[in-house]
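Thanks for taking a look at this one with me. Below are some notes to help you find your way around, written as numbered points.

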Amino acid sequence: TYGFYSIDPDGNGSAGSFNVYCDMTANGGGWTLIMKAVNASFLYIDVLWEDNSVLNENDFNFTVSGSKSKYRSFNTVSFKEIRTSDTDNFANSYIYNTGNNYANAKALFSGPGIQISSGSLNAYFNDRTPANGRHWSRCGSFEPTVLNVGINQDEYLDDYGLLGGGGFLCNWGGSARFGQRVNGYNGGYGNMQGQGWGTRYQQGEWLGTSERNFPITQLLWVR
């Protein structure tokens, strides 16, 4: 039902075959693991989202706190759907159908921002990702409500001029590679923060500027 399979993504090319970890049961099966985080975090600005590097590629232990991996499959396996799941029950998950065929996850995460309107991703990460004083009301009437969920959020937030700048009592530094941003509402000041994969949270000038993110315990799959 799940375990290691040998694949050769480029066929007769020079890369050769290697082992990947697959889930052949949950959510219809056919999923290839590309990343893991066990009470650990990837920074939004980590270069590994957009390069050919790997990280702890032979570590498939899903219980050791503080461990994280980026597998070779991230750079080599084509897909149309991406899924984030719990580490102890793969069926507890959220799936996003990109609507496009990607050659690999690097192509997705080095590409443009994608807004996701589904409220189910909000609910999924609300249950699984720590948030500092999460407050759901909007920070100022000028905040576009459609900007809460997506992929490569920095990219489309910049299109609206909302990243790292500010409105009165607001800082728009929060975002995620795959997830959402929420209003942190720190003592009345609406500092945005990311929840999900590759988060960032920039505390605003009223409270002293600091860049940080929050750990998650999730697996990232493609199909």
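**Salt bridges and their surroundings**

1. Let us begin with the charged pairs: seven salt bridges turn up when the whole structure is searched. Please keep in mind as you read that this is a predicted model. Three of the pairs are described below, after a quick look at the chain as a whole.

2. The chain has 223 residues, and 48% of them count as buried. Its secondary structure consists of four helices and 13 strands. About 9,600 Å² of the chain is exposed, with carbon and sulfur atoms supplying 48% of that area. Among contacts with a separation of 6 or more, 60% are between residues 24 or more positions apart.

3. Now to the first pair to look up, Asp 59 and Lys 36. They form a salt bridge in which the closest N and O atoms are 3.1 Å apart. Asp 59 sits in the loop between strand S3 (31–40) and strand S4 (67–70), while Lys 36 belongs to strand S3, so the salt bridge ties together parts that are 23 residues apart in sequence. Is each partner buried or partly exposed? Asp 59 counts as partly exposed, at 23% relative accessibility, whereas Lys 36 counts as buried, at 0%.

4. Another pair involves the loop between S3 and S4. The side chains of Asp 51 and Lys 70 meet in a salt bridge, at 3.3 Å from N to O. This pair links distant parts of the chain, since Asp 51 is in the loop between S3 and S4 and Lys 70 is in strand S4, 19 residues apart. Asp 51 is partly exposed, with a relative accessible area of 24%. Lys 70, by contrast, counts as buried, at 0% relative accessibility.

5. The third pair joins two other loops. Asp 86 and Arg 128 form a salt bridge whose closest N and O atoms are 2.7 Å apart. Asp 86 lies in the loop between strand S5 (79–85) and strand S6 (93–102), and Arg 128 in the loop between H3 and strand S8 (149–151), so parts that are 42 residues apart in sequence are tied together. Here the aspartate, Asp 86, is buried, with a relative accessible area of 11%. Arg 128 is partly exposed, with a relative accessible area of 27%.

6. Ser 69 deserves a stop on your tour. This serine is found in strand S4 and counts as buried, at 0% relative accessibility. What does the side chain of Ser 69 reach? One partner is the backbone oxygen of Asn 56, at 2.9 Å; another is the backbone oxygen of Asp 59, at 3.4 Å. Beyond its neighbours within four places in sequence, Ser 69 is in contact with Ile 34, Met 35, Lys 36, Phe 42, Leu 55, Asn 56 and Asp 59. Both residues of the salt bridge in point 3, Asp 59 and Lys 36, therefore appear among the contacts of this buried serine.

7. Next, please turn to Ile 116, in the loop between strand S7 (114–115) and helix H3 (119–126). Ile 116 is buried, with a relative accessible area of 6%. Which residues does Ile 116 contact, leaving aside its neighbours within four places in sequence? They are Tyr 94, Tyr 96, Leu 121, Val 149, Gly 150, Ile 151 and Phe 178. Gly 179 is 63 residues away from Ile 116 in sequence, yet the two C-alpha atoms are 9.0 Å apart in space.

8. Ser 118 also lies in the loop between S7 and H3. Unlike the buried Ile 116, Ser 118 is partly exposed, with a relative accessible area of 24%. Again leaving aside neighbours within four places in sequence, Ser 118 is in contact with Tyr 94 and Val 149. From Ser 118 to Gly 150 the separation is 32 residues in sequence and 9.2 Å in space, C-alpha to C-alpha.

9. Finally, have a look at helix H3 itself. Its buried residues include Leu 121, Asn 122, Tyr 124 and Phe 125. Seen down the axis of H3, the buried residues fall within an arc of 165 degrees, so they line one face of the helix. Leu 121 has already come up, as one of the residues in contact with Ile 116.

Technical notes
Residues are numbered from 1 along each chain as its sequence is written. This is a predicted model: local features need pLDDT of at least 70, side-chain atom pairs count only at pLDDT 80 or more; totals for chains, interfaces and linings use all residues. Side-chain values use heavy atoms; hydrogens and water are left out. Helices (H or I, at least four residues) and strands (E, at least two) are DSSP runs, numbered from the N terminus. Buried means under 20% relative accessible area, exposed over 50%, partly exposed in between (1.4 Å probe, protein chains only). Contact means heavy atoms within 4.5 Å. Accessible areas come from the Shrake-Rupley method with a 1.4 Å probe; for residues, only the protein chains shown count as cover. The arc is that of the directions from the helix axis to the C-beta atoms. A salt bridge is a side-chain nitrogen of Lys or Arg within 4 Å of a carboxyl oxygen of Asp or Glu. A polar contact is a pair of N or O atoms within 3.5 Å; within protein, one must be able to donate a hydrogen and the other to accept it, and residues adjacent in sequence count only if both atoms are side-chain atoms.
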